[in-house]
Amino acid sequence: MVAQRAAQVQAEAVSSELEAARKEIADARAQLEQARTDAARMEQVLVDKDRAVAARDERIRTLQLEIQQRPGAIVHLNLPDASRQAPDQKTVLRADVAKDPGAGAPALICLTSDGPRRFALVKGTITIGRSASCDIQILTHFVSREHARLTVSTRGGVVIEDLGSTNGVFVNSVRVDRHELHHGDVVTVGESQFRFLETMAH
C-alpha cells in the first residue's frame, strides 16, 4: 500500500513537471511569434524609411536643378528713400546717381540680379534677410529671416555683422562675424552677391 502511494505521488510530480514544461514551451512559442511580428514590423519601418530617404534625395536633386536654372534670388529693397532703378550699364548707373537723394551715401550694388541694382545705405542701421521687415529682403531659403546687419557711422564707415545666420556672411569669399567694409568689397549673403561702394560717387 505504501509503495502504491509513493508511485502515485511520483506520477503526480512527473505530470506536474510535464505540464510546467508544456506551459514554458507555449510561452516560448508565443514570445518567438511576437519577436517575428516585431521583426517584420521593424523591417517594414526600415523599408518605409528607405523610401522616404530616396524621395528626399530626389527632391533635393530637383531643387538643385531648379536653383541652377534660375537667374538668382529675388532681392527687394524696403528702403523708401533709395533708388530702385536697375540700369543695364554701370556708367548709366553712375550718371543717374546725382538724381538720388542718397547719392553721397555708401551703397551696395547687387551683382546677382537680372541687372545691377544699387541700394543706397541711407539709414544708420540696415538689416538684410528673408523677412519682409528687413530693409533688404532676399527671398530664398539660403537666407535666414534676419541674416545680417549693416551699421553706417556718421563718418560714412560701414560695418556688416552676421546675426547668427545658418549659412553665414562672406566678405571677399571669407566668412565673417563682424567686418568693416572697404570700397570694392564683395559681400555674399546666401546666393546673392553685392559690391560695396564707399560713396555713390565712386
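**A walk through the strands**

Of the 202 residues in the protein chain, 32% count as buried, where buried means under 20% relative accessible area, exposed over 50% and partly exposed in between, using a 1.4 Å probe and protein chains only. This is a predicted model, in which local features need pLDDT of at least 70, side-chain atom pairs count only at pLDDT 80 or more, and totals for chains, interfaces and linings use all residues. Residues are numbered from 1 along each chain as its sequence is written, and side-chain values use heavy atoms, with hydrogens and water left out.

Start with the whole chain in cartoon view. You should find 2 helices and 12 strands; these are DSSP runs (helices H or I, at least four residues; strands E, at least two), numbered from the N terminus. Along the sequence the order reads α-β-α-β-β-β-β-β-β-β-β-β-β-β.

**Stop one: β12 and its partners**

Select strand β12, residues 192-197, together with strand β2, residues 107-110. The two pair in the antiparallel sense over 4 bridges; pairing here takes at least two DSSP bridges between the strands. Look for Leu 108, which sits opposite Phe 196 of β12.

Now add strand β11, residues 186-189, which also pairs with β12 in the antiparallel sense, over 4 bridges. Here Val 186 faces Arg 195 across the pairing. Zoom in on the hairpin of β11 and β12: 2 residues lie between the strands, and Gly 190 has a positive phi near 65 degrees.

**Stop two: along β11**

Show the side chains of β11. Which way do they point? Val 186 and Thr 188 go one way, Val 187 and Val 189 the other, and all are buried. Next, bring in strand β8, residues 169-171, which runs antiparallel to β11 and is joined to it by 3 bridges. Phe 170 has Thr 188 of β11 as its bridge partner.

**Stop three: two rings**

Rings of Phe, Tyr and Trp (its six-membered ring) pair if their centres lie within 6.5 Å, with planes under 30 degrees apart called stacked, over 60 edge-to-face and the rest tilted. That rule gives 1 aromatic pair. Select Phe 119 and Phe 194: the pair is tilted, at 6.1 Å centre to centre and 50 degrees between the planes. Phe 119 belongs to strand β3 (residues 117-120) and Phe 194 to strand β12, 75 residues apart. Both rings' residues are buried.

**Last stop: the core**

A nonpolar core is a set of buried Ala, Val, Leu, Ile, Met, Phe, Trp, Tyr and Cys residues joined through side-chain atoms within 4.5 Å. The largest has 22 residues, and Leu 108 and Leu 150 have the most contacts inside it. Elements giving it two or more residues include β2, β6 (148-152), β8, β11 and β12. The biggest contributor is β6, with 3 residues.

Finish by going back to Leu 108. Leaving aside neighbours within four places in sequence, its contacts (heavy atoms within 4.5 Å) include Phe 119, Ile 128, Leu 150, Phe 194 and Phe 196.
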